[in-house]
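Please look at the model below with a first-year student's eye, and let us work through it by asking and answering a few questions.

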Amino acid sequence: MGVVQGDQMVLNIGPQHPSTHGVLRLKVATDGEIVSDIVPVIGYLHRCFEKHCENSTYEQVIPFTDRCDYIASMNNNFGYVVAMEDLMEIKVPERVEYIRVIMAELNRIASHLLALGVYGLDVGAFTPFLYMFRDRERILDIFELTCGARLLYNYMWVGGVSHDLPVGFVETVYNFLDYFEPKVQEYNDILTYNKIFIERTADVGVLLPEVAISFGVSGPNLRGSGVKWDIRKEEPYSIYERFDFDVPIGQGLVGTTGDCWDRFHVRMLEMIESTKIIRQALKDIPTNGDVHQALPKKIRPPKGSIYRRTESPRGDLGYYIISDGSPQPYRLKMRSPAFTALSVLNEISRGWMLSDVIAVLGSLDIVLGEIDR
Amino acid sequence: MTVDQLIDWFPISATWPGLTFLLAVLICAVPVFLFIAVYALVVIYGELKISSFMQDKVGPMGQGVGLHAWRWGLLQPIADALKLILKEDIIPAAADKKLFILAPFIVFIGAFIAFSALPFSQTLIIADMNIGVFYILAVSSLGVIGLIMAGWSSNNKWSLYGAMRSAAQIISYEIPVALSIIAVIMLTSTMSMQGIIQYQSGLIWGFLPNWLIFNNPFTFVAFFIFFISGIAECNRTPFDIPEAESELVAGAFTEYSGMRYAFFFLSEYANMFVVAGVAATAFLGGWQSPIPGLFNSPAWGLWWFMSKTMFLIFVMIWFRWTFPRLRVDQLMSVCWKGFTPIALVNIFGVGIWYLTLG
């Protein structure tokens with residue numbers, strides 16, 4: 001049977017569209033339902049953050065990092081302060097390290113909950129979205145308890161954190177973990193192993209490991225393709241080498257390794273790993289200690305530059321900081337994991353249907369704030 | 001009460017037959033329209049509350065001021081309807097104006113006129129035609145013309161996508177629907193809706209009501225084929241690809257606002273009632289009581305018909321808030337590779353069962 005070749009129709013998905021996860025515009029060339037080419041047009045959320053940073057002091061950069069990946073602000077703070085502390089060769093107190101790890105992992109769970117819930121929405125399941133937002137809310141409550149903010153925390157400072165843990169924090173987090181761990185089974189029941197969900201996501205948008213590596217894809221997207229790569233294990237920063245946790249990878253349980261379902265499932269498993277890390281950290285955290293002890297009076301790093309990367313929920317988040325010895329960075333560059341994830345979209349969803357493009361885009365879990373910065 | 005009885009009852013029927021006919025039709029049509037409007041409000045409220053229950057939230061609870069403030073949020077659907085009526089009615093500059101205006105009504109008429117053959121009780125049916133089921137199947141696919149008109153006239157790519165998808169979907173799913181109804185007609189040997197229900201009186205297997213779903217294994221399967229294909233014809237989740245919100249924004253309805261959009265909304269709910277009503281009639285005994293011989297008066301008949309229909313509508317709502325959405329090619333393969341062959345085999349099965357055991 002021959003293939004009918006019709007005229008191509010160019011369809012604009014976005015910037016105002018329900019499932020572009022922000023203000024992204026996709027220029028999609030379609031032949032009927034089949035998509036032959038996708039050109040992502042970015043920049044609608046460009047706020048000149050990197051340029052702003054050059055005119056701000058090092059302390060003032062932290063709120064900008066919050067606003068890059070606004071779904072995982074703690075992890076973005078974390079990456080920046082780790083880079084700054086290495087540049088200035090500051091050693092932070094033990095308690096601060098534990099607080100930071102707990103916050104980063106809680107934020108990782110919150111971020112994955114949002115990614116998974118919204119992915120359910122992308123393939124048409126509304127209810128799991130609300131289940132996951134209900135549980136994400138509890139994490140935001142913990143953050144609010146700690147630093148007063150629910151989305152943009154400005155919590156981790158160079159050499160410390162802005163507030164010490166509130167009274168009863170450890171019990172609150174234990175309560176949350178006890179509540180949360182059984183919920184993962186609920187998500188699996190309603191969404192992960194749903195027949196229709198598997199039909200929609202298995203074998204769709206297969207990201208081969210070599211393609212993923214050549215595009216620089218990282219984080220859960222890379223691990224979904226079966227590559228065991230996690231900065232927390234490969235280049236341990238902070239105190240991550242003390243914790244015992246696995247790096248889940250996609251195994252093609254219901255389809256091909258590296259399909260949308262694998263990327264989804266890896267995030268689900270990572271949430272469980274994060275709860276393990278949090279439990280260990282809560283057990284070992286020093287009960288008292290000044291969280292501002294190492295806070296420098298004035299941040300004026302020595303001349304030089306540093307590139308330090310950390311594992312954000314979206315992958316390999318790097319900060320490149322050049323210091324000229326003044327209180328303001330000479331240049332600050334972020335390596336955005338979501339940007340590389342978006343760049344692979346055309347490669348893996350070409351030839352699929354319009355609905356699949358939305359499914360693949362959702363499975364890559366991009367945040368436009370981080371792509372455009 | 002049927003339209004024929006009404007015509008006979010009018011004293012002027014001999015002198016002005018045309019006028020009498022018009023009056024009788026109006027007398028039937030206005031209550032049906034009101035019924036659809038009230039029923040839609042009830043189901044919208046039900047959908048809000050059922051989805052809230054499933055999603056661990058409370059739904060409309062009557063806070064704030066104005067219409068929302070009433071007890072348990074009961075007036076929420078009325079507030080929604082008022083909002084839709086009061087909203088600005090926008091017709092895009094590039095739209096084909098005539099078709100754009102006409103489309104919502106055609107979609108609605110398809111659902112609306114199907115009500116005339118639905119047997120609400122022993123005596124409450126507008127017209128008990130001898131081709132009742134056939135008539136409903138025929139007119140309920142009229143809506144697809146309206147959807148294509150809406151998609152085409154909006155001059156919007158999303159609308160066009162939605163319209164083409166719904167055309168393919170509704171026409172494809174007509175086939176399993178019709179084939180599963182044929183299995184019923186073979187047993188009842190009538191297409192009249194009342195005739196089909198009368199066939200289902202008494203007991204079967206000694207303890208079950210003689211509803212067609214229990215009649216034999218093949219009609220049992222036919223019920224599920226009919227009901228699921230019916231959901232697909234209503235464009236409800238998991239078959240809501242024509243208006244797939246996360247892909248097509250709102251499909252064929254993208255450019256519609258205000259009252260015109262409300263009409264699409266109303267027809268969706270009216271269609272759900274028609275599908276559930278036909279399923280209840282053809283497979284669940286219509287107005288027959290589940291305990292044969294008891295509660296069989298016409299008033300109880302209305303109760304049984306409505307409760308069976310409402311239960312099936314509840315199942316549709318339940319589906320909607322549980323399942324993700326299928327892809328368009330998967331939807332087609334379910335229809336052509338799954339339902340249609342099974343429904344065909346079913347017809348032979350019913351025939352063989354009827355000849356050997358019936």
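Q: How many salt bridges are counted between chain B and chain A?
A: In this predicted model, one pair that can be examined is Arg327(B) and Asp356(A), whose side chains meet with a nitrogen-to-oxygen distance of 2.9 Å. Because a salt bridge requires such a nitrogen and a carboxyl oxygen within 4 Å, this pair qualifies as a salt bridge. The count between chain B and chain A is three salt bridges.

Q: Which residues of chain B lose the most area to chain A?
A: The contact between the chains involves 25 residues of chain B and 35 residues of chain A, and the area buried between them is about 2,600 Å², with carbon and sulfur atoms giving 59% of that area. On the side of chain B, three residues together account for 25% of what that side buries. They are Tyr161(B), Pro324(B) and Arg327(B).

Q: How many residue pairs are in polar contact between chain B and chain A?
A: The side of chain B that touches chain A divides into eleven nonpolar, five polar and nine charged residues, and the helices α7, α11 and α14 of chain B each supply at least two residues of that side. Counting pairs with both residues at pLDDT 80 or more, the number in polar contact is twelve.

Q: Which helix gives the largest share of the largest nonpolar core?
A: The largest nonpolar core has 116 residues, and Tyr80(A), Tyr155(A) and Ile366(A) have the most contacts inside it. Beyond its neighbours within four places in sequence, Tyr155(A) is in contact with residues including Met74(A), Ile99(A) and Leu165(A). The largest share of this core, 13 residues, comes from residues 94-122 of chain A, which form helix α4.

Methods:
Residues numbered from 1 in each chain as written. Chains lettered and ligands numbered in written order. Predicted model: local features only at pLDDT ≥ 70, side-chain atom pairs only at ≥ 80, totals over all residues. Heavy atoms only, no water. Contact = heavy atoms within 4.5 Å. Buried area = accessible area lost by both parts, 1.4 Å probe. Polar contact = N/O pair within 3.5 Å; in protein donor to acceptor, adjacent residues only side chain to side chain. Helix = DSSP H or I, 4+ residues; strand = E, 2+ residues; numbered from the N terminus. Nonpolar A, V, L, I, M, F, W, Y, C, P; charged D, E, K, R; others polar. Core = buried A, V, L, I, M, F, W, Y, C linked by side-chain atoms within 4.5 Å. Buried < 20%, exposed > 50% of the residue type's maximum accessible area, 1.4 Å probe, protein only.
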